[in-house]
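Work through the three exercises below with the sequence and the coordinates side by side, and try each task before reading its solution.

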Amino acid sequence: MIKSNSKIGLEIEYNHNLLNELYKIALIHYPNEIGGYLLGKYSEDKKTAIIVKHISALEYSNSPVSFKHVVNEETKSLFFKIFEEEGIHYIGEWHTHPNSNSSYSQTDFNALKKIAQGDIETPVLLIIGFDKKGIIDYSFNVFFNKKIYKYE
Ligand SMILES: [Zn+2]
């Protein structure tokens, strides 16, 4: 599947399976939030971010309304290993909003802004709003030019 946003021009390509897998992880941690990283690559023309896989955060603290992860040494070496073996790298993050929708919070905004100041210029944040019955909605959010653009 491909989502696009005319203001940014960047397309996001992903497999719907990604959402099924993340929903399963979401349920395991219910009613707390949970999250991790999105790994993949950019197309040669840089117009598409292709999400290839996800990993769950190795070190984090969470609650029903918060999720905070730490990129520790173990995480860094995992990223390095995956890059060596599969040629894919960090593209962004994902986390869940239990019993809620996929709108980003002020905390989410600040976190994404901080990431954008690093090596990744247009980090992607996938938020999944869900409850025990299923995914309520999900959105890809991209930080670009001091703003967050939502892909729905
Ligand atoms: Zn959030």
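The exercises that follow treat the sheet, its hairpins and the nonpolar core in turn. The model is predicted, so that local features need pLDDT of at least 70 and side-chain atom pairs count only at pLDDT 80 or more, while totals for chains, interfaces and linings use all residues. Residues are numbered from 1 along each chain as its sequence is written.

**Exercise 1.** Determine the strand order of the open sheet and identify its edge strands.

Solution. Begin with the elements: helices (H or I, at least four residues) and strands (E, at least two) are DSSP runs, numbered from the N terminus. Two strands count as paired if DSSP finds at least two bridges between them. On this basis the eight strands are ordered β1-β2-β4-β3-β7-β8-β9-β10, and the pairing is mixed. The edges are β1 (2–4) and β10 (147–151), each of which pairs on one side only.

**Exercise 2.** Trace the pairing from β8 through β9 to β10, and place helix α3 against these strands.

Solution. First, β8 (residues 124–131) pairs with β9 (residues 134–144) in the antiparallel sense over eight bridges, and a hairpin of two residues joins β8 to β9. Within this pairing, L125 has N141 as its bridge partner, whereas G129 has D137. Next, β9 and β10 run antiparallel and are joined by five bridges, with F143 partnered by I148. The hairpin of β9 and β10 also has two residues between the strands, and N145 there takes a positive phi near 50 degrees. Finally, α3 (residues 106–116) lies across β8, β9 and β10 and runs at about 40 degrees to β9, where axes are lines fitted to C-alpha atoms, for helices over the stretch in contact, and angles run from 0 to 180 degrees between N-to-C directions.

**Exercise 3.** Find which element gives the most to the largest nonpolar core, and list the contacts of L38.

Solution. A nonpolar core is a set of buried Ala, Val, Leu, Ile, Met, Phe, Trp, Tyr and Cys residues joined through C-beta atoms within 7 Å, buried meaning that 20 or more other C-beta atoms, placed from the backbone, lie within 10 Å of a residue's own. The largest such core has 27 residues, of which I12, L38, I91, V124, L126 and I128 touch the most other members. Strand β8 gives the most, with six residues. Leaving out residues up to four places away in sequence, L38 touches I51, H54, I91, G92, E93, W94, V124 and L126, contact meaning that C-beta atoms, placed from the backbone, lie within 7 Å.

Key
Two residues are in contact if their C-beta atoms, placed from the backbone, lie within 7 Å. A residue is buried if 20 or more other C-beta atoms lie within 10 Å of its own, exposed if 12 or fewer, and partly exposed in between; C-beta atoms are placed from the backbone.
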